[in-house]
Amino acid sequence: MSAILPGATIGILGGGQLGRMTAMAARSLGYRIQVMDPDPSCPARFVVDACFEGSWDDARAAADLARGCDVITLEIEQISVASLRAAEKYAPVRPGVAMMEIIQDRILQKNWLVEHGFPAGEFRTIQSEAELQAAIVALGGRCFVKSARGGYDGRSQVKIGFDETIGPSEEEARGAWRLLGQRPAVAEKALDLEKEISVMVARAPNGELKSYPSAANHHEHQILIWSVIPSSIPNELEAKAQEVSRRIAEQMNLEGVLAVEMFLTKDKKLLVNELAPRPHNSYHASERACATSQFEQIVRAVCDLPLGDVSIVKAAAIANLLGDLWAEREPRFDRALSVPGVRLHLYEKHVPRAGRKMGHLSAIGETPEEAVDRVLQAKALL
């Protein structure tokens, strides 16, 4: 297996902000870039050589993209298996179809983790409203219910049993089942969490593997609000998080990058939450914190180049900028940039909407705490 050298063309299935930032890193390395996305004016459109319009299940568009590429990767896991198979007829698809089939379905993903001995929280698979009712009881009355397929940033997810004024009820479960489209789902027991972390792993087709120091993540309404590298968890827990993440990547035969989202419970247990086979919001700070950003690393990995150094140069944090910020007026970016060590990253999305990620701020600091304080100070000035 030989490396795909600069000058070759990389195809990306998905042209959102992750595809955009991957394309920018690839261009710095000397690659040409093509993307496929349902939106012809997607964020990556302005930094790539060609943009193919096609939905995630448009196998013909995926094949058209792949015909002119030397390797294909992705920035969103919702690409249909048919599209992935159509693309792989013309170029290697990394990560591969077998891995994607497992990760795309939360039921398959959860079962795979348990069957391979990885720590996960208690859950039940749901195929009907009656099974959801039974699962709520079995899981102690408080749980998160997530559609088996699709959904991120809190979409296709419902919290049950968190309103103490009513408690879990048959009506609450019935509403959740309807809200999720009466489709297969996973019910996950609510946990007492100390922290949420993630570990980004990169693996090349030649077997070389590197994992980044863990990131600590703060969510509100299931949307990442800020993240910081390093996470500052105790050394023994960091070693465990690294070991679990690397074993998952090896056993799934990863080619590319994989973010392993984990829960650290108050009784110091590390549990795998979900897997994301692409660049991840929690590692945007790697552009500031690490010798090699996650975006350069995925290019190196899928092109079978030597993987980059993942050591930390400086603590760094990011804060997401959601469309809500634009509700009343244009944000005051000049004020935010007055904070030392802060940078602005906008994705060129034209229509701000509540909950939509329009960009992020990043900040460096002498400590993780200082980096978080700076980036949140800058966000408050907007």
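**Exercise 1. The open sheet**

Task: In this predicted model, determine in which order the four strands of the open sheet are arranged and which strands lie at the edge.

Solution.
Step 1. The order across the open sheet is β5-β8-β6-β7, and the pairing is antiparallel.
Step 2. β5 (123-126) and β7 (157-160) each pair on one side only, and they are the edge strands.
Step 3. From one strand to the next, the twist averages 20°.
Step 4. Helix α7 (residues 170-179) packs on this sheet and touches β5 and β7; the direction of α7 makes about 175° with that of β7.
Step 5. Within the sheet, strand β6 (residues 143-147) and strand β8 (residues 185-189) run antiparallel and are joined by five bridges. In this pairing, Ser147 stands opposite Ala185 of β8.

In general, the strands of a sheet pair through backbone hydrogen bonds, in a parallel or an antiparallel manner.

**Exercise 2. The partners of β9**

Task: State how many bridges join strand β9 (residues 193-203) to β13, to β11 and to β10.

Solution.
Step 1. Ten bridges connect β9 with β13, and the two run antiparallel. Leu193 has Thr265 of β13 as its bridge partner.
Step 2. Three bridges connect β9 with strand β11 (residues 215-220), again in antiparallel fashion. Here Glu196 stands opposite Asn217.
Step 3. Three bridges also connect β9 with strand β10 (residues 209-211), in the antiparallel sense; Val201 stands opposite Ser211.
Step 4. The hairpin of β9 and β10 has five residues between the strands, and Gly207 in this hairpin takes a positive phi near 100°.

**Exercise 3. The two sides of helix α8**

Task: Compare the end-to-end distance of α8 with its expected span, and establish where its buried residues lie around the axis.

Solution.
Step 1. Helix α8 has 17 residues, which at 1.5 Å a residue should span 24 Å; the end C-alpha atoms are 24 Å apart, so the two values agree.
Step 2. The buried residues of α8 are Leu237, Glu238, Ala241, Gln242, Val244, Ser245, Ile248 and Ala249.
Step 3. These residues cover an arc of only 165° around the axis and therefore lie on the same side of α8.
Step 4. Asn235 and Glu236 are exposed on the other side of α8.
Step 5. The cover over the buried residues of α8 includes α5 (106-115), β9, β10, β13 and β14.
Step 6. Just after α8, Asn253 takes a positive phi of about 55°.

**Exercise 4. Unusual backbone geometry**

Task: Locate the cis peptide bonds that precede Pro95 and Pro230, and describe the surroundings of Lys268 and Glu348.

Solution.
Step 1. For reference, most peptide bonds are trans, and most residues other than glycine have a negative phi.
Step 2. The bond between Arg94 and Pro95 is cis, with omega about 5°. Pro95 belongs to the loop between α3 (81-88) and α4 (97-103).
Step 3. The bond from Ile229 to Pro230 is likewise cis, with omega near 0°. Pro230 belongs to the loop between β12 (223-229) and α8 (235-251).
Step 4. Lys268, which is not a glycine, has a positive phi of about 70°. Lys268 is located in the loop between β13 (256-265) and β14 (270-276) and is partly exposed, at a relative accessible area of 45%.
Step 5. Glu348, also not a glycine, has a positive phi of about 60°. Glu348 is located in the loop between β16 (342-346) and β17 (357-365) and is partly exposed, at 37% relative accessible area.

**Exercise 5. Salt bridges**

Task: Characterise the salt bridges of Lys146 with Glu274, Arg300 with Glu296, and Arg124 with Glu122.

Solution.
Step 1. With a nitrogen-to-oxygen cut-off of 4 Å, the count comes to 23 salt bridges.
Step 2. The closest N and O atoms of Lys146 and Glu274 are 3.5 Å apart. Lys146 lies in strand β6 and Glu274 in strand β14, so this pair ties together parts that are 128 residues apart in sequence. Both Lys146 and Glu274 are buried.
Step 3. Lys146 and Glu274 are linked with Arg106, Lys110 and Glu188 in a network of salt bridges.
Step 4. Arg300 and Glu296 meet at 2.8 Å, N to O. Because they are four residues apart in helix α10 (residues 294-302), about one helical turn separates them. Arg300 is partly exposed at 21% relative accessibility, and Glu296 is partly exposed at 22%.
Step 5. Arg124 and Glu122 meet at 3.3 Å, N to O. Arg124 is partly exposed at 31% relative accessibility, and Glu122 is partly exposed at 36%.

Methods: Residues are numbered from 1 along each chain as its sequence is written. This is a predicted model: local features need pLDDT of at least 70, side-chain atom pairs count only at pLDDT 80 or more; totals for chains, interfaces and linings use all residues. Side-chain values use heavy atoms; hydrogens and water are left out. Two strands pair if DSSP finds at least two bridges between them. Axes are lines fitted to C-alpha atoms, for helices over the stretch in contact, and angles run from 0 to 180 degrees between N-to-C directions. Contact means heavy atoms within 4.5 Å. Buried means under 20% relative accessible area, exposed over 50%, partly exposed in between (1.4 Å probe, protein chains only). The expected span of a helix is 1.5 Å times one less than its number of residues. The arc is that of the directions from the helix axis to the C-beta atoms. A salt bridge is a side-chain nitrogen of Lys or Arg within 4 Å of a carboxyl oxygen of Asp or Glu.
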